[in-house]
Amino acid sequence: MPPSSSALAPKVNLITLGVSDIARSTAFYQRLGWRRSEEASTQDVSFFALDNLVLAVWSRDRLAEDAGLAPTPPGFGGFALAQNLASEKDVDLAIDNAVAAGARLLKAPAQTFWGGYSGYFADPDGHPWEIAYNPYFPLDEQGLVALPA
């Protein structure tokens, strides 16, 4: 049965990270090699085109205000962003590149309890990123996760 036009589709188009210093965060993600949209971005917000997703960095306080929430201190927010890669070697290289770009290593890449290989870094505001090789979630020809049915 197709979803109704009022149903919430199972997709995410944009992730906004609340940050303390937009210029610093913008520079960090650019050092990772991510392309900032010059046309869509301003000094108050930066947008990065990812594969089938947009990542935004915006003021943490303004994001909280926009959502009608009280600003909370930086720290673990109960989620991690993640990127799956094609091999353990790719994970090692990506973590090394992130640290060289200014990330803080949270957990060195290692074998996982679930049969994969992953490590974590934090961006300048402490947002955790997991970089993983998951042999159970193959990547398609575009490098996107092909979740088994």
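**Figure 1. Charges of the protein chain in the predicted model**. The mean position of the 10 positive charges and that of the 17 negative charges lie 3 Å apart. The accessible surface of the chain comes to about 9600 Å². Carbon and sulfur atoms contribute 56% of this surface.

**Figure 2. The β2–β3 pair of the protein chain**. Strand β2 covers residues 45–50 and strand β3 covers residues 53–59. The two strands pair in the antiparallel sense, with 6 bridges between them. One of the residues with a bridge partner in β3 is Val45, which is matched with Trp58. In a regular strand, side chains alternate between the two faces of the sheet.

**Figure 3. The turn of the β2–β3 hairpin**. Between β2 and β3 there are 2 residues, and the two strands form a hairpin. Asn52 lies in the turn and has a positive phi of about 60°.

**Figure 4. Secondary structure elements along the protein chain**. The chain contains 3 helices and 7 strands. In sequence order these elements follow the pattern β-α-β-β-α-β-α-β-β-β. The hairpin strands β2 and β3 belong to this series.

**Figure 5. Extent, burial and contacts of the protein chain**. Along the principal axes, the C-alpha trace spans about 50 × 40 × 30 Å. Of the 149 residues, 30% are buried. Among contacts with a separation of 6 or more, 48% are made by residues 24 or more positions apart.

Notes. Residues are numbered from 1 along each chain as its sequence is written. This is a predicted model: local features need pLDDT of at least 70, side-chain atom pairs count only at pLDDT 80 or more; totals for chains, interfaces and linings use all residues. Side-chain values use heavy atoms; hydrogens and water are left out. Helices (H or I, at least four residues) and strands (E, at least two) are DSSP runs, numbered from the N terminus. Buried means under 20% relative accessible area, exposed over 50%, partly exposed in between (1.4 Å probe, protein chains only). Contact means heavy atoms within 4.5 Å. Accessible areas come from the Shrake-Rupley method with a 1.4 Å probe; for residues, only the protein chains shown count as cover. Lys and Arg count as positive and Asp and Glu as negative; His and the chain ends are not counted. The place of a charge is taken as NZ of Lys, CZ of Arg, CG of Asp or CD of Glu. Two strands pair if DSSP finds at least two bridges between them.
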